[in-house]
Amino acid sequence: MAVDGNWKLTMSTPMGERQADLTLKADGSTLTGSQSADGDAGEIFDGTVNGDDVAWKLSITNPMPLTLSYTGKVSGDSISGEMGIGPMGSFPFTGTRA
C-alpha cells in the first residue's frame, strides 16, 4: 500500500514544533504501526486507511496523559494532516517517507 513504511513527522503544537518517527502498515482498511517521540514509543490504535486517507490514534504520557487523534493524506512520499489534542484543539502535521 502507498501508506506502508517509515515516516518522519513534524507536528506544530502549543509547545512548539515536535518531531516523531512513525511506522505504518496497511492491511485492507486497517492501519497498524508505532510512533515514537521524545523517548516515548507506543502502538497506534483505531487506525484506518481509505485510499490515500489515513487516521490513527496514539496514547501518550509525556508531557501529560493524552490521546492524540491523527487524520491525514498520503501523497507519494509526503504525508500531511491534523493532529487532535483533545481539549487543546487540532494542529497541523507534515511528514516525509524516511
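## Overall fold

The protein has nine strands and zero helices. This is a predicted model. Along the sequence the pattern reads β-β-β-β-β-β-β-β-β.

The C-alpha trace spans about 35 × 25 × 20 Å along its principal axes. The radius of gyration is 12 Å. A compact globule of 98 residues would have a value near 13 Å, so the protein agrees with that expectation.

## Burial, surface and charge

Of the 98 residues, 35% are buried. The protein exposes about 5300 Å². Carbon and sulfur atoms supply 52% of that exposed area.

Take the contacts between residues at least 6 apart in sequence. Of these, 27% join residues at least 24 apart. On charge, the protein carries 6 positive and 12 negative charges. The mean positions of the two sets are 1 Å apart.

## Q35, a buried polar side chain

Q35 sits in strand 3, which covers residues 30-37. Its relative accessible area is 4%. The cut-off for buried is under 20%, so Q35 counts as buried.

The side chain of Q35 has a polar partner: a contact of 3.0 Å joins it to the side chain of W56. W56 also appears in the wider contact list of Q35, which leaves aside neighbours within four places in sequence. From earlier in the chain, that list holds L9, M11, A20, D21 and L22. It continues with D40, A41, G42 and I44. L58 and Y70 are also in contact with Q35.

## R97 and the N-terminal segment

R97 lies in strand 9, residues 90-97. Its relative accessibility is 26%. Partly exposed covers values between the 20% and 50% cut-offs, so R97 falls in that class.

The side chain of R97 makes polar contacts with two backbone oxygens. One belongs to D4, at 2.6 Å. The other belongs to A2, and lies 2.7 Å from a polar atom of the R97 side chain.

Leaving out residues up to four places away in sequence, R97 touches A2, V3, D4, G5, N6 and W7. R97 also touches V74, G76 and D77. A further pairing spans much of the sequence: R97 and L22 are 75 residues apart along the chain, yet their C-alpha atoms are separated by 9.3 Å.

## T13 and the end of strand 1

T13 is in strand 1, which runs over residues 5-13. A polar atom of the T13 side chain lies 2.7 Å from the backbone oxygen of G16. Beyond neighbours within four places in sequence, T13 is in contact with R18, M83 and F91.

## I85, a buried loop residue

I85 belongs to the loop between strand 8 (78-84) and strand 9. Is this loop residue buried or exposed? At 6% relative accessibility, I85 counts as buried.

I85 touches P14, L66, L68 and F91, with residues up to four places away not counted. F91 is also among the contacts of T13. I85 and M11 are 74 residues apart along the chain. Their C-alpha atoms are separated by 11 Å.

## G51, in the loop after strand 5

G51 is found in the loop between strand 5 (45-50) and strand 6 (53-60). Its relative accessible area is 45%, so G51 is partly exposed. G51 and V3 are 48 residues apart along the chain, and their C-alpha atoms are separated by 8.9 Å. V3 is also one of the residues that R97 touches.

## Positive phi at two aspartates

Where does a positive phi occur in a residue other than glycine? One case is D38, with phi near 50°. D38 lies in the loop between strand 3 and strand 4 (40-43).

D46 is another case, with a positive phi of about 55° although it is not a glycine. D46 lies in strand 5. Its relative accessible area is 52%. The cut-off for exposed is over 50%, so D46 is exposed.

Note on methods. Residues are numbered from 1 along each chain as its sequence is written. This is a predicted model: local features need pLDDT of at least 70, side-chain atom pairs count only at pLDDT 80 or more; totals for chains, interfaces and linings use all residues. Side-chain values use heavy atoms; hydrogens and water are left out. Helices (H or I, at least four residues) and strands (E, at least two) are DSSP runs, numbered from the N terminus. Buried means under 20% relative accessible area, exposed over 50%, partly exposed in between (1.4 Å probe, protein chains only). A polar contact is a pair of N or O atoms within 3.5 Å; within protein, one must be able to donate a hydrogen and the other to accept it, and residues adjacent in sequence count only if both atoms are side-chain atoms. Contact means heavy atoms within 4.5 Å. The radius of gyration is taken over C-alpha atoms; the globule rule is 2.2 Å times the number of residues to the power 0.38. Accessible areas come from the Shrake-Rupley method with a 1.4 Å probe; for residues, only the protein chains shown count as cover. Lys and Arg count as positive and Asp and Glu as negative; His and the chain ends are not counted. The place of a charge is taken as NZ of Lys, CZ of Arg, CG of Asp or CD of Glu.
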